[in-house]
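This report describes selected features of a protein chain in formal but plain terms. The reader is invited to keep the sequence and the three-dimensional view at hand while reading.

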Amino acid sequence: MSLRAAHSERTWGPHLLPAIVAGVVGAGALACAHAVAVGVDSGFVPAVPWLAGLLFASMVVAEVRPLRTIRPSDASIITVSLAYSCALVFVLPGYGATLAVAAGTLFADLLDRAAPQKAAFNTAMMALSIHLGTVVVRAGGAQDLATVDPRDPMVLVTLLAAFVVIYTVPTVLVALVLSAVEGDSPVAVLRRDFFSTLPSDGMLLPLGPVLVVVGTHYPVLLPLAMVLTPVVHMSTRISSEHERDATEDPLTGLLNRRALEQEAEAGLDRAARSGRRVVVLLVDLNGFKAINDTWGHHAGDEVIVEIARRLRDRMPPSALVARLGGDEFAVVLSDVSSPDVAVEMAEVASEAFVDPVEVDAVEGVPLEVTGAIGVATSGPGWSRFGELTRAADAAMYAGKRRGLPYLLADPESSDGQHVQALERAIDGDEMHMVYQPLVDSRTEAVMGFETLARWNHPQHGPIPPWEFVRDLEATGVLIGRFTERVLGDAVVMLRRLHDEGHPVSISVNVSPLNLADPGFVDTVLRTLRDHDIESRWLVLEITETALMSNLAGCRRALRRLVDSGVGVSLDDFGSGHSSLAMIKDIPLTELKIDRSFVTNTGDERGVALLRTLVELARIHDLRSIAEGVEDRATLRALADIGFDQVQGWGIGRPLGAEETLAWMSGRTSLDPGGQHGVDLTVVER
């Protein structure tokens, strides 16, 4: 193992680091001095020179061809050289292995152009490890394997003790250095890293004496024994690549969201202990969808790769740079001493958009790409990664609205307070649900209810739904929590209605961001199971404008929902700009006609258009629903046209849960799979 590449550009940090390095270098120098003194008396020439030369060369090759670790915050490396280093203990007289391993490690570091202090540390560390292992072997009388009693169990005990020393010494010393660099406790670092090289160096250590015995007595079989090291090296590399695939974004090679969250949380824990800060930047491209639509997804991919390269090249080597998905990136810098660093990072990140992007897919036409950056710094109010990303996300979208290249989130600012207020509302009683009925257009039996969220802000009073839903979508992460809250309340209400003998459905509006969440469908189905509700009683509503923003992603999620029995309603149909082909291509169960069409029931052409829409729904086996019914005359006209269901203030205003249950008392509901109910009295507005 080695630190040749570990934190190659990072500041060494805490004052203990120089003392640790100096102590290790001093101890290694003493070990080498002792090895020289012993060698002067006992000699340096091995009994089998060719074997010693082969093992030394193999050790150097293993050191020169290491494996990079997959930890994003640490570019340290692992090798399979300890097997050969251990073997040298048994072929070189005295403590000759100490000098050989020191020379080989130093040579490898010089080839790797390691910094002088790192080369000195690595050389001393490995010399000290092999020296102490040799002390154990010599004390147990097991250095000369040709003279030991092969039946003596103490030989095995001695060798195992030596293996433990040779593996543990460098592992502990590396942990001490990393703990000083990262500001973490040595125990925590050791617990995290002790087993990282065990599958390679640790498992190959016992091969050392085996190589010596085979090479001495059966040299023709030595290649068969040595082949184990490249096999282990290859299997370790494959394992490392698999883990890298699980932590890297496949398009850009940056960290993915999962890896970033893990590393950022660890950085926040270290920052909390050291009194320092963590800065989070969220970067979002402006108008990226237009690039995909105009030039194609291949051009869009090239833009993403180029912006990723620019961000990675401009950020400090210790920064974590990740692609969160789509055209959104994140940068996390830990161990920050001053909040001013956040401004510097934002300015540097914004430079990624100064020059146009030239891509192969668009020859001769440089693409002007701009972006918005939101910045949040840990401290009072924001101590976890999720809180920082939500704050940075809100700042980013606020900056977009203001036309700013970047904006810093401030817990005391209106934007920061608004995000916190939204979180508080989602988790508390400020936000509540109301339920508006949908009735059969002919029998007026209650068919279901649409769930509508209401937010009563303690200072500002009622906040219009369109306004706070827009802000929730702007934060990116809060819309998921909000929809889960609405869905949970709606299903609880549905359970109460069914328990009181009202077999009705319930509708919940969802965002395209929900449908883009890979776990959303599972969340919906799990919520239904938890309350023992059949999926056919739930309807999810989405607007056609929202569908057009991510048609492919929405289609996949909607297909799973419909196949599971959940209803899907295309809300406000006719208010957007989608084609009629969408009805054929998107999995749907309902068509909800926008209220702007319902106002034309007194006009002959308007009625003809409504009949066409109803027939369109019927052809595609969809339920037709008209919203915006304000009076009985409109209700009768819509029934004559052929609408299946109607909704509006002329039918019933949105009411709270208890009021809705009271309103349903004495009314008949209609099971879509059962018989019609009786006529109901329409509540006039």
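A residue is called buried when its relative accessible area is under 20%, exposed when that area is over 50%, and partly exposed in between. The structure shown is a predicted model. By this definition Thr389, with a relative accessibility of 13%, counts as buried. Thr389 is found in helix H16. Leaving aside residues up to four places away in sequence, Thr389 touches Val280 and Leu282.

**The chain as a whole**

The protein chain has 28 helices and 16 strands. Of its 685 residues, 52% are buried. The accessible surface of the chain comes to about 30600 Å², and 57% of this surface belongs to carbon and sulfur atoms. Contacts may also be sorted by separation in sequence: among those between residues at least 6 apart, 72% join residues at least 24 apart.

**Strand S9 and its partners**

Strand S9 comprises residues 446-457 and is mostly covered, since 10 of its 12 residues are buried. Which strands pair with S9, and in what direction does each run? Strand S8 (residues 431-440) is joined to S9 by 9 bridges, and these two strands run antiparallel. Within this pair, Leu438 stands opposite Gly448 in S9. S8 and S9 form a hairpin with 5 residues between the strands, and there Glu444 takes a positive phi near 65°.

Strand S11 (residues 505-509) is another partner, joined to S9 by 4 bridges in a parallel arrangement. Here Phe449 stands opposite Ile506 in S11. Strand S10 (residues 461-463) is joined to S9 by 3 bridges, and this pair runs antiparallel. In that pairing, His457 stands opposite Gly461 in S10.

**Helix H14**

Helix H14 spans residues 297-314. Its 18 residues, at 1.5 Å a residue, should span 26 Å, and the end C-alpha atoms are 26 Å apart, which agrees with the expected value. Several residues of H14 are buried, among them Ala299, Gly300, Val303, Ile304, Ile307, Ala308 and Leu311. The buried residues of H14 also include the charged-type names Glu302, Glu306 and Arg310. What covers these buried residues includes strand S3 (277-285), helix H13 (288-295), strand S4 (320-325), strand S5 (328-336) and helix H15 (340-350).

**Salt bridges**

Side chains of opposite charge can pair when their charged atoms come close. The structure holds 22 salt bridges. Three of them are listed below.

| Pair | Closest N to O distance |
|---|---|
| Arg309 and Asp313 | 2.8 Å |
| Glu423 and Arg390 | 2.4 Å |
| Arg495 and Asp499 | 3.1 Å |

The pair of Glu423 and Arg390 forms a salt bridge between two helices. Glu423 lies in helix H17 (residues 414-427) and Arg390 in helix H16 (residues 385-402), so the pair ties together parts that are 33 residues apart in sequence. Are these partners buried or exposed? Glu423 counts as buried because its relative accessibility is 16%, and Arg390 is buried with a relative accessible area of 15%.

In helix H14, Arg309 and Asp313 are 4 residues apart, so about one helical turn separates them. Arg309 counts as partly exposed, at 35% relative accessibility.

Arg495 and Asp499 are likewise 4 residues apart, in helix H19 (residues 478-499), and therefore about one helical turn separates them. Arg495 counts as partly exposed at 23% relative accessibility, while Asp499 counts as exposed at 56%. In addition, salt bridges that share partners join Glu306, Arg309, Arg310 and Asp313 into one network.

**A nonpolar patch on the surface**

Which residues make the nonpolar surface patch of about 450 Å²? The patch is made by Tyr218, Val220, Leu221 and Leu224. Val220 is found in the loop between helix H9 (207-217) and helix H10 (222-226). Val220 counts as exposed because its relative accessibility is 69%, and exposed means over 50%.

Notes:
Residues numbered from 1 in each chain as written. Predicted model: local features only at pLDDT ≥ 70, side-chain atom pairs only at ≥ 80, totals over all residues. Heavy atoms only, no water. Buried < 20%, exposed > 50% of the residue type's maximum accessible area, 1.4 Å probe, protein only. Pairing = 2+ DSSP bridges. Patch = residues over 30% accessible without salt bridge, like charges linked within 9 Å, V, L, I, M, F, W, Y side chains within 5 Å. Areas by Shrake-Rupley, 256 points an atom, 1.4 Å probe, with all protein chains shown as cover. Salt bridge = Lys/Arg side-chain N within 4 Å of Asp/Glu carboxyl O. Expected span 1.5 Å × (residues − 1). Contact = heavy atoms within 4.5 Å.
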